[in-house]
Amino acid sequence: MEPMNSLDSIAILDFGSQYAQLIARRVREAHVYCELFPWDAPGEQVFAINPKGFILSGGPASVYAPGAPQIPNYVLHSGLPILGICYGMQALTHALGGIVSASGEREYGPAEVEVLQPNALLPADTLKVWMSHGDRIESLPAGFVTLARSQNSPIAAMGDLNRGYFGVQFHPEVHHTPRGGEILRNFVLTTCAVHPTWTPESIITTRIERIRQQVGGKMVLSAVSGGVDSTVATALVHRAVGDQLVAIFVDTGLLRQGERNRVQAALGKNLGVELVVVDAGGQFMQALSGVTDPEHKRAVIGELFIRIFEEYARQLGDPEFLVQGTIYPDVVESSAPDRNKAERIKTHHNVGGLPETMQFKLVEPLRYLFKDEVRQVGESLGLPRELVWRQPFPGPGLAVRCLGEITPERLERLRLADAILTETLEAAGLLHLQAGSGGFSGTSQAFAVLLPVQSVGVMGDSRTYQEVVAIRAVTTDDFMTADWARLPYELLASISNRIVNEVPGVNRVVYDITSKPPATIEWE
Ligand code: XMP
């Protein structure tokens, strides 16, 4: 894959840390471009991004263990500054002739470090930090001094100020090290002297240039799902090549209330993208008739989507290029084999994804961006805030929230209930993700689910026997784990009242109070 840009950058070598992506995000927040590489990546690949310094991540190994990852020679011979974090610090010590003691005893959790001498890296005399290590530094390599100590780590930070080499035993990248962002910023901006040029505007400019070079005068096709990534990718490609882009939006009939209009307005009216809307609700309904098994639903939807997409691609003269909204975490995850062994819980068929049998050259303008950067680029391109900050919506749409058989009548019931929930949360300011210092406030994802269960109720003087709506609302940073949102009782009461009064065929509302794990966020 082509390197992202010719800007100055930072290379992060990953020694197997669960926090490696966080290091990259903190560096990007300092408006400095960086990329993550496996610790044994070839030097040519790493130097292709024009690094002005190296960050070595933590990792689970012990430097003296047989086969333990070591710092590549090209890093040590580069003459560039190095910051080693946890294992990275130990590997640096080991490589430069210091001694690491294999204590085997773990120090895990919050700690306070005392800074022993002023230096370019550490921003205060005392710092609250997060420790997570077994081994520690016993004696420093030549040229190094101790910069900070903690109760359990006599050498909590070290530096060779002449060479611009630093090591920290704690994790500056995690949220529990409140001034960790400053530490990383000091390293990249002061020690490595990188200019902070990585801004949404510069991302847009460099990406547009790259897209134009790649595509030339050829036609480009994009499948828009209404999700943030495909929308921003499409808007960016449109900014680059204008009318050479055709975007297809398949209305599967499984969308939420008003969704089709929102996407049409955002891309068509606001940005002038030529959006072909395919009205395929009837086809999807027919294909899903009698299907109740969750995985079967996903398979049916995925296949039909691809068929429709192929048909339209042919009608549009088989464009050579296809836009994909792949983002950086997808790239990093799929290049880290050990992290990819997770068992498949659900098939996350991304409707709008690549039809495997089709021969397209891919245009992936977001390939090097984190989700928050994608949102910033979206805003800078002029996409409406509510679209850029919207909550995720699964590719198979309402099909996986309409449990049991999908009929037009049940879908409409679900759509109405979901619209009431959304409206109420929106009015309470709890719907959209809000960036804040500690992550996000509000709900990360909230939706209604229609259950294939009837229960008895009483309305006026009559007995009812109708369906149940479940409300699912969660808070999460990464959607891998989640907790149920502690919505105020009064709010839940008003959602429940409105649903039972306004949605025909529903006489009971329940609130899902299960975290993930053991449950998943969606019900199917
Ligand atoms: P689960 O239900 O696995 O969901 O806890 C985690 C996140 O993924 C979304 N999700 C999907 N997204 N296609 C998608 O594009 C799918 O089939 C799909 N299933 C779940 C879900 O909404 C949540 O944000």
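Visitor: I'm new here, so let me start with one residue: is F309 buried or exposed?
Guide: First, this is a predicted model, numbered from 1 along each chain as its sequence is written, where local features need pLDDT of at least 70, side-chain atom pairs count only at pLDDT 80 or more, and totals for chains, interfaces and linings use all residues. Side-chain values use heavy atoms, with hydrogens and water left out. Buried means under 20% relative accessible area, exposed over 50% and partly exposed in between (1.4 Å probe, protein chains only). F309 has a relative accessible area of 2%, so the word for F309 is buried.

Visitor: How many aromatic pairs are there?
Guide: Rings of Phe, Tyr and Trp (its six-membered ring) pair if their centres lie within 6.5 Å; planes under 30 degrees apart are called stacked, over 60 edge-to-face, and the rest tilted. By this rule, the count of aromatic pairs is 13.

Visitor: Which kind of aromatic pair do Y33 and W198 form?
Guide: Their rings sit 4.6 Å apart, centre to centre. The angle between the planes is 50°, so the pair is tilted.

Visitor: And how many residues apart are Y33 and W198?
Guide: Helices (H or I, at least four residues) and strands (E, at least two) are DSSP runs, numbered from the N terminus. Y33 is in strand β2 (residues 33–38), while W198 is in the loop between α5 (180–191) and α6 (200–215). The pair links distant parts of the chain, and the separation in residues is 165.

Visitor: What is the relative accessible area of W198?
Guide: Its partner Y33 is buried, with a value of 1%. W198 is buried too, at a relative accessible area of 2%.

Visitor: Which kind of aromatic pair do F305 and F309 form?
Guide: These two rings are 6.3 Å apart, centre to centre. Their planes differ by 15°, so the pair is stacked.

Visitor: In which helix do F305 and F309 lie?
Guide: F305 is buried at 6% relative accessibility. F305 and F309 are 4 residues apart, about one turn of the helix that covers residues 294–315, and that helix is α10.

Visitor: Which residue lies over the face of W484?
Guide: A charge sits over a ring if NZ of Lys or CZ of Arg is within 6 Å of the ring centre and within 35 degrees of the ring normal. One case is R28, over the face of Y328 at 5.3 Å from the ring centre. Over W484, at 3.8 Å from the ring centre, lies R486.

Visitor: How many salt bridges does the structure hold?
Guide: A salt bridge is a side-chain nitrogen of Lys or Arg within 4 Å of a carboxyl oxygen of Asp or Glu. One of them joins E295 and R298 (3.9 Å, N to O). In the structure, the salt bridges number 28.

Visitor: Is E295 buried, exposed or partly exposed?
Guide: Its partner R298 is buried at 5% relative accessibility, and the two are 3 residues apart in helix α10. E295 has a relative accessible area of 33%, so E295 is partly exposed.

Visitor: Which strand does the salt bridge from E467 to R413 tie to helix α14?
Guide: The closest N and O atoms of E467 and R413 are 2.5 Å apart. R413 lies in helix α14 and E467 lies 54 residues away in sequence, in strand β20.

Visitor: Which residues are linked in a network with R413?
Guide: R413 also bridges E409, with the closest N and O atoms 3.3 Å apart. R413 is buried at 14%, whereas E409 is exposed at 56%. The salt-bridge network links R413 with E409, R410 and E467.
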